[in-house]
Amino acid sequence: MNNVVGIFDKLNKLVDESPPVDQPTRFGNKGYRVWARKMHRDIFVFLKDALPQEKCDLFSELGAYLSESFGNSVRIDYGTGHELSFIFFLCALFKAEIFSEEDSVACALRLFNSYLLFVRRLQKEYHLEPAGSQGVWSLDDFQFVPFIWGSAQLAFSSPFEPARFLDEEIINEYKDDYLFIGCIDYINQVKTGHFAEHSNQLWSISAVPSWTKINSGLVKMYQKEILSKYPIMQHALFGKLLRFDPVTPGTALPVARLGFIHPTSTSSSSTSRMGSQVLELKKLDTDGGNSTESSKSEDLNEGQKVEADPTSKSH
């Protein structure tokens, strides 16, 4: 785990060596392309140094997932499709048995958090365009997964109710301990104006009464808005570890449900309060899957129906 996290130290050094260039346009700094060329040149060397050599036959696939997770150097943009590529990278590490179940918490709340901090630096350093953003009607310009894992973390044990996650006091106290609050803090740094105006979806879900309902609704939203969207999924890569197998029409597929696991490894204990829980998708057997999914998951309808009227509600 430490070796993989260390890859981001090396990627940060490449950013230091590739400063933004002077140009008339504000967004899409071409210095990003210089960094991207260096990243593609070195990423497989970084993986070779970080991963067990007996897994060398998998480095090509792992490197493809990782290198695609930092944005597009032609459009100079970044979005949820690139974030999904990093999730593929994490899944592939488990499929390759480089990581084991005891690494789950540290993987989500340490390794993914390192990735999150790094891509935020790319976004600010090179003024990356949000890829495919729906503006005020999107959950966030760049990310989605940290809101899912962050709400799962809060559903496990939260010191505050959902209605308070926009309070300045809550943000200042918990931004370093909870993924969800860290995302809210970052949005406040890069956007101005009333939160209900620039981040309507997030503002609306503060009306949902529990973190469990928020979490289940976000999972449904992710399935609908990310995994079911062709413009995003057309760029997904598949290989030996993560295969794209055709399914015979009419085949009953197992569904996923939300579950929580306690940290079992010493590596996860270093994540402070942030390392006490993680969202885990567990497969159910085909017979019981549909009824369980319908009983446990509830969409964000309550939150999304709230009108964004800054004068009627303040946080």
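**Helix packing, buried segments and salt bridges in the predicted model**

The axes of α7 and helix α12, the latter spanning residues 211-227, come within 8 Å and cross at roughly 155 degrees. Because an angle over 145 degrees counts as roughly antiparallel, α7 and α12 are classed as roughly antiparallel to each other. The crossing in which α7 passes α12 is left-handed. On the α7 side the residues that meet α12 are Val 145, Phe 147, Ile 148, Ser 151, Ala 152, Leu 154 and Ala 155, and their counterparts in α12 are Trp 211, Thr 212, Ile 214, Asn 215, Leu 218, Val 219 and Tyr 222. These features, like those described below, are taken from a predicted model.

The protein chain as a whole contains 15 helices and four strands, and 47% of its 315 residues count as buried. Among the contacts in the protein chain with a separation of 6 or more, 73% are accounted for by residues 24 or more positions apart.

Two helices were examined for the burial of their residues. Helix α5, which covers residues 80-95, has 16 residues and reaches 22 Å from its first C-alpha to its last, close to the 22 Å expected at 1.5 Å a residue. Twelve of the 16 residues of α5 are buried, so this helix is largely enclosed by the rest of the structure. The buried residues of α5 comprise Thr 80, His 82, Glu 83, Leu 84, Ser 85, Phe 86, Ile 87, Phe 88, Phe 89, Leu 90, Ala 92 and Leu 93, a list that includes the charged residue Glu 83 as well as Phe 86, Phe 88 and Phe 89. Glu 97, which follows α5, has a positive phi, near 60 degrees.

In α4, seven of the nine residues are buried, so that this helix, too, is largely enclosed by the rest of the structure. The residues concerned are Phe 59, Glu 61, Leu 62, Gly 63, Tyr 65, Leu 66 and Ser 67, and what covers them includes α3 and α5.

The surroundings of a single residue of α3 illustrate this arrangement. Leu 47 is found in helix α3, which spans residues 31-50, and is buried, with a relative accessible area of 0%. Leaving aside its neighbours within four places in sequence, Leu 47 is in contact with Ile 7, Phe 59, Leu 62, Gly 63, Leu 66 and Phe 89. Of these partners, Phe 59, Leu 62, Gly 63 and Leu 66 are listed among the buried residues of α4, while Phe 89 is listed among those of α5. Leu 47 and Leu 66 are 19 residues apart in sequence, and their C-alpha atoms are 9.4 Å apart in space.

A contrasting environment is found at Val 74, which lies in the loop between α4 (59-67) and β1 (77-78). At 64% relative accessibility, Val 74 counts as exposed, because the cut-off for that class is over 50%. Val 74 is separated from Gly 28 by 46 residues in sequence, with a C-alpha to C-alpha distance of 9.6 Å.

A search of the whole structure finds nine salt bridges. In one of them, Arg 121 is paired with Glu 125, the closest N and O atoms being 3.9 Å apart. Both residues lie in helix α6 (residues 104-125), where they are four residues apart, about one turn of the helix. Arg 121 is partly exposed, with a relative accessible area of 23%, and Glu 125 is likewise partly exposed, at 26%. Arg 121 and Glu 125 are also linked with Asp 16 in a network of salt bridges.

A further salt bridge joins Lys 191 to Asp 141, with the closest N and O atoms 3.2 Å apart. Lys 191 lies in the loop between α9 (179-190) and α10 (195-198), whereas Asp 141 lies in the loop between β2 (129-130) and α7 (145-156), so the pair ties together parts that are 50 residues apart in sequence. Asp 141 counts as buried at 18% relative accessibility, because the limit for burial is under 20%. The side chains of Asp 167 and Arg 164 also meet in a salt bridge, with an N to O distance of 3.3 Å, and Arg 164 counts as partly exposed at 34% relative accessibility.

Key. Residues are numbered from 1 along each chain as its sequence is written. This is a predicted model: local features need pLDDT of at least 70, side-chain atom pairs count only at pLDDT 80 or more; totals for chains, interfaces and linings use all residues. Side-chain values use heavy atoms; hydrogens and water are left out. Helices (H or I, at least four residues) and strands (E, at least two) are DSSP runs, numbered from the N terminus. Buried means under 20% relative accessible area, exposed over 50%, partly exposed in between (1.4 Å probe, protein chains only). Contact means heavy atoms within 4.5 Å. The expected span of a helix is 1.5 Å times one less than its number of residues. A salt bridge is a side-chain nitrogen of Lys or Arg within 4 Å of a carboxyl oxygen of Asp or Glu. Axes are lines fitted to C-alpha atoms, for helices over the stretch in contact, and angles run from 0 to 180 degrees between N-to-C directions. Angles under 35 degrees count as roughly parallel, over 145 as roughly antiparallel, 65 to 115 as roughly perpendicular and the rest as oblique. A crossing is left-handed if the near helix is turned anticlockwise from the far one by less than a right angle, and right-handed if clockwise.
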